[in-house]
Amino acid sequence: MTAFSRLLFVGNSYTFRNDLPGLIAQMAPHEIASQSIVAGGASLRLHLNKGEVAKTLNESNWDIVILQEQSTLPVKNCKRFHENVRELHQIIKGHDAPTALYQTWARKNAPETQEALSSAYESIAEEIGALLIPVGKAWQIALKMQPDTPLFDADGSHPSSLGSYLAACVFVAALWQKDPRGLTVPEDLQIEDAHTALVRDAAWQSLQA
């Protein structure tokens, strides 16, 4: 089992909605600490330009740095997305920490974009040797298994509590090689049991792909 204990998240509302880092901490196999550099709607380019990632890496040691791009940019401008990841990866690499990529999901009204979104993340992860956390793939699997699975919030973009739980399951499985099918649900999420087994199974399947 990998010993990731200090996690730095870089992203936007897809990271801070429903406190995804906090969910991961509750579900992790050991105690972890995390910090988030996030802003609503932010791209990785915005974080690069602000310089807070480099500043945070200079101030503390991190076991892994998790990057989450603006949700539609990998589809609209894959080249820019890859440039953003490469530049941040070089900064992270300079501090002897591995890079992970938090692959997100297609909007509810545009499910056909998931293949391009997944491919954009997979190709850059392979290029730089980053750990891919395939939340988008798990999301796609869950909706294929049961199309009415309530993963989206009312806006059709952000995750519901169940969607964030699915994301946390994928993170725990990817970071610590823990079978998500045995994970419990943090009580404060108040999720209906009818959907939890399905999303855990989807998380497991996404890691087998």
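**Notebook: loops, cores and helix α9**

I started with glycine 156, which lies in the loop between α8 and α9. The model I am reading is predicted. Is glycine 156 buried or exposed? I get a relative accessible area of 14%, under the 20% cut-off, so glycine 156 counts as buried. I then looked for its partners, leaving aside neighbours within four places in sequence, and found Arg107 and Lys108 in contact with glycine 156. I checked the C-alpha to C-alpha distance to arginine 107: 6.1 Å, for two residues 49 apart in sequence.

**Serine 160**

I stayed in the loop between α8 and α9, where serine 160 is also found. Serine 160 is buried, at 13% relative accessible area. What does its side chain reach? I found two polar partners. A polar atom of the serine 160 side chain lies 2.6 Å from the backbone oxygen of proline 150. At the start of α9, a side-chain oxygen of serine 160 comes to within 3.3 Å of the backbone nitrogen of leucine 162. I also listed the contacts of serine 160, not counting residues up to four places away in sequence: Asn18, Pro150, Leu151, Phe152 and Asp153.

**Helix α9**

Next I went along α9 itself. I count 16 residues in α9, with 22 Å from the first C-alpha to the last. That is close to the 22 Å expected at 1.5 Å a residue. How many residues of α9 are buried? I find 15 of the 16, so to speak of α9 as mostly covered is fair. Just after α9, I noted a positive phi of about 50° at glutamine 177.

**The nonpolar cores**

I then looked up the largest nonpolar core and got 42 residues. Leu166 and Phe171 have the most contacts inside this core. Which elements each supply at least two of its residues? I list β1 (6-11), α2 (20-27), β3 (64-67), β4 (99-102), α8 (135-145), α9 (161-176) and α10 (193-208). The largest share, twelve residues, comes from α9. I followed leucine 166 outward, again not counting residues up to four places away in sequence. Leucine 166 touches Ala138, Trp139, Ala142, Leu151, Val199, Ala202 and Ala203. Apart from this core I found another, of 24 residues, with Leu57, Val65, Leu101 and Ile124 among them. As a reminder to myself, nonpolar side chains tend to be buried together in soluble globular proteins.

**Serine 43**

I moved to another loop, between β2 (33-38) and α3 (44-50), where serine 43 lies. Serine 43 has a relative accessible area of 19%. The cut-off for buried is under 20%, so serine 43 is buried. Leaving aside neighbours within four places in sequence, I find serine 43 in contact with Glu69 and Gln70.

**The whole protein**

Last, I took the overall numbers. I count ten helices and five strands. What radius of gyration does the protein have? I get 16 Å; a compact globule of 209 residues would be near 17 Å, so the two agree. The C-alpha atoms fill a box of roughly 45 × 40 × 30 Å along the principal axes. Buried residues make up 53% of the 209. Of the contacts with a separation of 6 or more, I find that 75% join residues 24 or more positions apart. The protein exposes about 9,300 Å², and carbon and sulfur atoms supply 47% of that area.

Key:
Residues numbered from 1 in each chain as written. Predicted model: local features only at pLDDT ≥ 70, side-chain atom pairs only at ≥ 80, totals over all residues. Heavy atoms only, no water. Core = buried A, V, L, I, M, F, W, Y, C linked by side-chain atoms within 4.5 Å. Buried < 20%, exposed > 50% of the residue type's maximum accessible area, 1.4 Å probe, protein only. Helix = DSSP H or I, 4+ residues; strand = E, 2+ residues; numbered from the N terminus. Contact = heavy atoms within 4.5 Å. Polar contact = N/O pair within 3.5 Å; in protein donor to acceptor, adjacent residues only side chain to side chain. Rg over C-alpha atoms; globule rule 2.2 N^0.38 Å. Areas by Shrake-Rupley, 256 points an atom, 1.4 Å probe, with all protein chains shown as cover. Expected span 1.5 Å × (residues − 1).
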